[in-house]
Amino acid sequence: MTRFGFLSLALLSLQAFVGTGYAADTEKVAEAEAPTLAVSAEASFPASEIFGVKLVNGHPTQALIAFTNDEPNPVTVNFVGGSLWSLDEQSKNVRNLTATRYAVEIPAKSKESLSYSFATEMHPVDLRLNIAAIMSDSEGHFFTLQAFNGTVSVVEPETSIFDPQIIFLYFFLLACFVGVVYFFYTVWVAPYFPQKRKAGKSSEKKVSAKREIVEETPSPAVASATTYNADWIPAHHINRPEARKVKGGKSKARA
C-alpha cells in the first residue's frame, strides 16, 4: 500500500515536470518565431504640466506620438489606442480609450509624428495610462508597439463664476429656496397673524351715500335763480283775481 502511494506521487510529479517543461519550450519557440521590428515609438503630451499628465474630464487630451523607423523597409501605422489601468498590485483594466485608425506609412530610416486624442468622463483618480500602436511591415505581419506607459491623474475642469451652467444652477437654487420659504410662510406663519377685515363693501356704501347727498343738494346758482324780492312788485300782480262762475254757460252746455 505504501509502495502504491509512492508510485502515484512520483507519477504526478513527473506529469507536472513534463507539463512545465513543455510549456516553457513552447514559449521559447514562440519567442524565437515572433518577428521583431526596429521601430520605436514615444508619446508626449504638449499640454501637460510639470507635476505630471492630467486628464481633464470633458476636454480632449492630445498625445503626440513620435515613430522612428530603423528598418530597411517601410512600415505602416494601422491603429493607435489606449487603456486606463488601476495602480494596485493586481492591476485591472478600468476603461478602454478610443482607438483611431491612421494607415500611415513611414518610409525606411525616417521619423513620423502622429497626434492621438481621447477624452475621459470619470471620477478624479490616479491611474496608469497605456498607449499602444498596431504596426505592420512590408510583408503584412502585424506588431504591437507600446508608446506610453505611465501614471496620469484624472481631474475635474476648473469652474468659473461667469460660466452659463453655474449661473443657471444658482438661479435654479434661488428659485427653489424662494418657493420653499413662501410655502412655509403661507402654511405656518401667516395663520398666526391677525387678518384685516375687508372694507370693500363699506367703502362702496359710503361712496354711494356721498353721491346721493351731492345730487340732492341744489347748487347755489339754481337757488339764487328761484328766490326773488317781492316788495317792489305791485299787489294786483301778486294777488290774482279769482275766476267768476258763469251760470248761463253751464245751462247752455247742458242744452
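**Exercise 1.** In which loop is Lys109 found? Work out its setting in this predicted model.

*Solution.* Start with the numbering: residues count from 1 along each chain as its sequence is written. Since the model is predicted, local features need pLDDT of at least 70, side-chain atom pairs count only at pLDDT 80 or more, totals for chains, interfaces and linings use all residues, and side-chain values use heavy atoms, with hydrogens and water left out.

Now the location: Lys109 sits in the loop between strand 6 and strand 7 (110-118). Strands here are DSSP runs of E with at least two residues, helices are runs of H or I with at least four, and both are numbered from the N terminus. Next, check the backbone: Lys109 has a positive phi near 55°, though it's a residue other than glycine. Finally, Lys109 counts as exposed because its relative accessibility is 60% (buried is under 20%, exposed over 50%, partly exposed in between, with a 1.4 Å probe and protein chains only).

**Exercise 2.** Which strand holds Ala103? Look at its phi as well.

*Solution.* Ala103 lies in strand 6 (residues 100-106). Its phi is positive too, about 55°, and Ala103 is not a glycine.

**Exercise 3.** Where is pLDDT under 50?

*Solution.* Begin with the chain: pLDDT (the predictor's confidence in each residue, from 0 to 100) averages 75, and 62% of the residues score at least 70. Then find the weak stretches: pLDDT stays under 50 over residues 1-34 and over residues 249-255. For residues 1-34 the model has 0 contacts (heavy atoms within 4.5 Å) beyond four places in sequence, and residues 249-255 also have 0.
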